[in-house]
Amino acid sequence: MKLSISRRTLVAGGAALALGPGLLRPARADNGVTDSTIRIGQSAVFSGPAKDFGVDYRAGIQLYFDRVNKSGGVHGRKIELVTYDDAYEPAKTAANTAKLIDEDKVFALTGYVATGNLAAAMPLAEKAGVPMFAPLVGTTSFRTKTNRYLFHVRAGYDLELRKIISHLSTLGIQSIAVVYQDSAFGKSNLATCEQLAAEYKVKVVQTLPMAIAAEDAKQVIGGLAEGRPGAVVMIMAGRMTEVFIRDYRASGAAAPLYTLSRRHHRRGRFRQAARRQARRAGHGQHRAAARRAARAHRGRLPARPRRVRPEDRQLHRTRGLHRRARDGRGPAPRGQGAHARQLHRRAREHRQHALRRLPRRLQREEPQRLDLRGPGDVHP
């Protein structure tokens with residue numbers, strides 16, 4: 001089976017190689033490294049509305065660790081990933097981190113997901129001297145000062161928000177509304193967004209919080225209708241992004257929507273149908289099931305209109321002119337008298353006029369394709 005791995009998944013899995021140089025020191029069981037294994041810890045969200053982030057991130061990390069282990073490991077040691085579910089709650093993250101450090105004796109921590117959860121874990125990691133690698137967090141507050149135990153592998157949210165605001169300013173949009181996740185992640189990046197908006201002279205007319213477990217966004221959208229912003233910036237993650245976009249478009253609002261790279265990746269309907277059919281038919285029938293589901297789904301989509309190039313349109317017109325001129329709009333004249341020569345001359349003028357109207361590319365490439373020779377023309 002062919003696996004499709006996203007860039008974020010590969011970067012997450014790169015923890016195995018990045019942590020390798022630190023393993024050259026003598027092996028000690030109390031730091032998560034033995035003669036045969038390296039123990040890495042992760043506390044992330046594996047349940048609740050935002051579980052997709054933790055589940056997908058863990059799958060990517062484990063996928064790369066398995067690859068490294070099959071290749072012989074790191075200096076002969078196999079990598080073991082120990083994970084705990086924190087349900088997106090910082091208090092559980094702190095408890096899980098303490099367990100990973102004190103009981104599991106992990107060599108390093110990786111794959112933490114949310115801003116508040118990382119903030120709860122970092123003091124424990126710093127105190128124990130355990131490195132934190134590749135958190136799925138881009139909040140600016142973690143990047144304003146150097147932390148020798150924290151290693152980022154993704155761009156910060158401040159860079160993404162700067163690009164969004166500068167783009168809106170370039171488009172001439174001078175007023176925006178910000179809908180943010182009601183959490184440490186949303187509030188901290190809301191402050192960053194407001195600072196950048198002031199820098200680019202874009203007015204923030206509204207800031208509205210939204211719960212991460214919200215099932216609808218009608219109340220938030222009702223508040224947006226009053227401000228009538230030129231664009232809406234969404235600082236949110238998980239399924240709530242889908243909920244907001246669904247209700248926002250259903251309300252008839254047309255302002256453009258912008259969000260951070262941390263979004264929920266939802267599988268297409270036909271891919272879900274393909275997986276269900278594959279499970280029923282067996283592993284070997286996955287590709288055939290995917291094709292059948294794709295064809296079934298394609299029938300529900302509107303057909304794309306065929307785009308006709310201007311060159312093709314002109315080419316057909318040229319051929320039509322030649323046929324009418326060649327046929328003389330009636331029976332071909334007999335003999336080579338004055339009337340026949342005049343008719344042939346008119347046909348050549350029609351052809352030359354049509355060719356002059358063709359683009360230069362067709363004048364160079366298409367003469368051989370066109371049957372432009374009339375009955376009186378000299379054949380080469």
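Me: Helices (H or I, at least four residues) and strands (E, at least two) are DSSP runs, numbered from the N terminus. With that settled, where is the place of Ala217?
Reply: This is a predicted model, so take everything here as computed. Strand S7 covers 203-210. Ala217 sits in the loop between S7 and H8.

Me: Is Ala217 buried or exposed?
Reply: The cut-off for buried is under 20% relative accessible area. Ala217 has 1% relative accessibility, so it counts as buried.

Me: Leaving aside neighbours within four places in sequence, which residues is Ala217 in contact with?
Reply: Along the chain, Ala217 and Ile245 are 28 residues apart, yet their C-alpha atoms are separated by 8.7 Å. The contacts of Ala217, with neighbours up to four places away left out, are Met210, Val243, Phe244 and Asp247.

Me: Next, helix H8 and helix H9: are they parallel or oblique?
Reply: H8 spans residues 218-227 and H9 spans residues 239-250. Their axes come within 9 Å and cross at roughly 50°. Angles under 35 degrees would count as roughly parallel, and 65 to 115 as roughly perpendicular. This crossing therefore makes H8, relative to H9, oblique.

Me: Which residues of H8 and H9 make the contact?
Reply: H8 passes H9 in a right-handed crossing. On the H9 side, the contact uses Phe244, Asp247 and Tyr248. On the H8 side, it uses Lys218, Val220, Ile221 and Leu224.

Me: How many residues of that H8 with H9 contact are nonpolar?
Reply: Lys218 of H8 and Asp247 of H9 are among the contact residues. The class split has 2 charged residues and no polar ones. That leaves the nonpolar class, with a count of 5.

Me: How far apart in space are Gly222 and Tyr248, C-alpha to C-alpha?
Reply: Gly222 lies in helix H8. At a relative accessible area of 35%, Gly222 is partly exposed. In sequence Gly222 and Tyr248 are 26 residues apart, and in space their C-alpha distance is 9.4 Å.

Me: On to helix H6 and helix H7: how do their axes cross, at roughly what angle?
Reply: H6 takes in residues 157-171, and H7 takes in residues 184-199. H6 passes H7 in a right-handed crossing. Their axes come within 9 Å, and they cross at roughly 40°.

Me: How many nonpolar, polar and charged residues does the contact of H6 with H7 have?
Reply: H6 brings Tyr157, Asp158, Leu161, Arg162 and Ile165. H7 answers with Phe185, Asn189, Thr192, Cys193, Leu196, Ala197 and Glu199. By class that contact splits into 7 nonpolar, 2 polar and 3 charged.

Me: Now some backbone torsions: what is phi of Tyr88 near?
Reply: Most residues other than glycine have a negative phi. Tyr88 is placed in the loop between strand S2 (78-85) and helix H4 (90-102), and it is buried at 16% relative accessible area. It is not a glycine, but its phi is positive, near 70°.

Me: And Arg228, is it buried or exposed?
Reply: Arg228 also has a positive phi, about 50°, although it is not a glycine. Its place is in the loop between H8 and strand S8 (231-235). The bar for exposed is over 50%, and Arg228 is at 72% relative accessibility, so it counts as exposed.

Me: How far apart in space are Ala44 and Gly111, C-alpha to C-alpha?
Reply: Ala44 belongs to strand S1, residues 37-44, and counts as buried at 0% relative accessibility. With residues up to four places away not counted, Ala44 touches Gly111, and also Gly54, Tyr84, Asp85, Asp86, Ala87 and Val113. Ala44 and Gly111 are 67 residues apart in sequence, but C-alpha to C-alpha they are apart by 7.1 Å.

Me: What separates the C-alpha atoms of Lys78 and Asp35?
Reply: Lys78 is found in strand S2 and is partly exposed, with 40% relative accessible area. Not counting residues up to four places away, it touches Ser36, Thr37, Ile38, Asn69, Gly72 and Gly73. Lys78 and Asp35 are 43 residues apart along the chain, and their C-alpha separation is 9.3 Å.

Me: Zooming out, what share of the residues of the protein chain count as buried?
Reply: The protein chain has 14 helices and 9 strands. It exposes about 22,200 Å², with carbon and sulfur atoms supplying 51% of that. Of its 380 residues, the buried share is 41%.

Terms used. Residues numbered from 1 in each chain as written. Predicted model: local features only at pLDDT ≥ 70, side-chain atom pairs only at ≥ 80, totals over all residues. Heavy atoms only, no water. Buried < 20%, exposed > 50% of the residue type's maximum accessible area, 1.4 Å probe, protein only. Areas by Shrake-Rupley, 256 points an atom, 1.4 Å probe, with all protein chains shown as cover. Axes fitted to C-alpha atoms, helices over the stretch in contact; angles between N-to-C directions. Parallel < 35°, antiparallel > 145°, perpendicular 65-115°, else oblique. Left-handed = near helix turned anticlockwise from the far one by under 90°. Contact = heavy atoms within 4.5 Å. Nonpolar A, V, L, I, M, F, W, Y, C, P; charged D, E, K, R; others polar.
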